[in-house]
Amino acid sequence: MRAMKDFQIGTITLLICSYIHLAASSKTNSTKQLPETPKKFKAKPGNGWCVDARGLEGSARRFLRGGCWSAQNLCESDPWCVAFACQDTSATGTSVIYTGTDCTSNCEHLQWVTDPGLITGASSGGDSKWASSKCYVQSALSSTVGAVDAGSTSFQVQDGSIFSVGDEIRVFTELKTVTQVSGDGRIVVFTPFRGAHQAGGKVLKTKASPR
């Protein structure tokens, strides 16, 4: 009888410990999941800050105190921000956002701001403080099919399904509001373009329609 009771107590203890371990593991994993936002940030392979195909970072950026959630919120609300890298979700981490707004490093290099597709991965460069960091890049974007003429209010993109009427978008360096989206990817904006822009440029969603 004593052996049976000891066996039952041991089994219960094991089950409780297993439950606590799974709960803690689930909590840890969940903190790494960032909420989906209109810009639809996607993690790039590797760990560290964002880098291009050459493994280099030299793009306009600024650093901030705060974890992944803080960096995501700031980047989401900034129409010139296209990516961020963060160490963790806590408020005490260090993050970097890639933007021309309030830039503090390499501010003259805006290639990533106009084409986040140049960001291909992440690297810590041997810095242990960034060894577990991730790079998140905006994926809610498309490319223009043809040139955009100065004075025009319409253009065509490769994938119009990304955009909706009322969305705020950035076309090259001009901020626009979408008034019409056609099935063939034709987009109409509220105000005419100030300048002409070449084909293949990136069109980025900066804010979703309030509807």
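In which loop does S59 lie? In this predicted model, S59 is placed in the loop that connects β2 with β3 (62-65). With a relative accessibility of 2%, S59 falls under the 20% limit and is therefore classed as buried. Beyond its neighbours within four places in sequence, S59 is in contact with S105, N106, H109 and W112.

The protein chain as a whole contains three helices and 13 strands. Of its 211 residues, 39% are buried. Among contacts in the chain with a separation of 6 or more, 71% are made by residues 24 or more positions apart. The accessible surface amounts to about 11,500 Å², and carbon and sulfur atoms contribute 56% of this area.

In soluble globular proteins, nonpolar side chains tend to be buried together. The largest nonpolar core of the model comprises 16 residues. Those with the most contacts inside this core are W49, C50, A83, A85, Y98, I119 and C135. At least two core residues are supplied by each of β2 (49-51), β4 (83-86), β5 (94-98) and β7 (134-138). The largest share, three residues, belongs to β2. Not counting residues up to four places away in sequence, W49 touches A85, Y98 and C135, and its further partners are E57, G121, A122, S123, S124, G125, D127 and W130. A second core, separate from the largest one, has 14 residues, including V148, I169, V178 and V203.

The second largest pocket encloses about 150 Å³ of space. Its lining consists of D52, R54, L56, E57, G58, S59, H109, Q111, W112 and L118. By class, three of these residues are nonpolar, four are polar and three are charged. S59 thus appears in the pocket lining while counting as buried at 2% relative accessibility. Two further lining residues, H109 and W112, are among the contacts of S59. E57, also part of the lining, is one of the residues touched by W49.

L110 is located in the loop between β5 and α3 (111-114). Its C-alpha atom lies 6.3 Å from that of S59, although the two residues are 51 positions apart in sequence. L110 has a relative accessibility of 39% and so counts as partly exposed, the class between 20% and 50%. Apart from neighbours within four places in sequence, the contacts of L110 are A60 and G100.

The loop between β5 and α3 also holds D102. This residue is not a glycine, yet its phi is positive, at about 50°. Most residues other than glycine have a negative phi, and most peptide bonds are trans. D102 is exposed, because its relative accessibility of 58% is over the 50% limit. A positive phi, here about 60°, is also found at F172, likewise not a glycine. F172 belongs to the loop between β10 (168-171) and β11 (174-181). In contrast to the exposed D102, F172 is buried, with a relative accessible area of 14%.

A131 occupies a position in the loop between β6 (121-123) and β7. At 43% relative accessibility, A131 is partly exposed. The C-alpha atoms of A131 and Q87 are 8.2 Å apart, with their positions 44 residues apart in sequence numbering. Outside the neighbours within four places in sequence, A131 is in contact with N47 and S124. S124 is also one of the residues touched by W49.

G195 is situated in the loop between β12 (186-189) and β13 (202-207). The residue counts as partly exposed, since its relative accessibility is 22% and the buried class ends at 20%. Its C-alpha atom is separated by 8.8 Å from that of E174, a residue 21 positions away along the chain. When neighbours within four places in sequence are left aside, G195 is in contact with E174 as well as with V148, D149 and A150. Of these partners, V148 is a member of the second core.

How values were computed: Residues are numbered from 1 along each chain as its sequence is written. This is a predicted model: local features need pLDDT of at least 70, side-chain atom pairs count only at pLDDT 80 or more; totals for chains, interfaces and linings use all residues. Side-chain values use heavy atoms; hydrogens and water are left out. A nonpolar core is a set of buried Ala, Val, Leu, Ile, Met, Phe, Trp, Tyr and Cys residues joined through side-chain atoms within 4.5 Å. Buried means under 20% relative accessible area, exposed over 50%, partly exposed in between (1.4 Å probe, protein chains only). Helices (H or I, at least four residues) and strands (E, at least two) are DSSP runs, numbered from the N terminus. Contact means heavy atoms within 4.5 Å. Accessible areas come from the Shrake-Rupley method with a 1.4 Å probe; for residues, only the protein chains shown count as cover. On a 1 Å grid over the protein atoms alone, a cavity is a set of points where a 1.4 Å probe fits but cannot get out, and a pocket is an open set with protein on both sides within 12 Å along at least five of seven lines; lining residues have an atom within 4 Å of a point. Grid points are joined across faces, edges and corners, and a volume is the space filled by probe spheres set on the points. Ala, Val, Leu, Ile, Met, Phe, Trp, Tyr, Cys and Pro count as nonpolar, Asp, Glu, Lys and Arg as charged, and the others, Gly among them, as polar.
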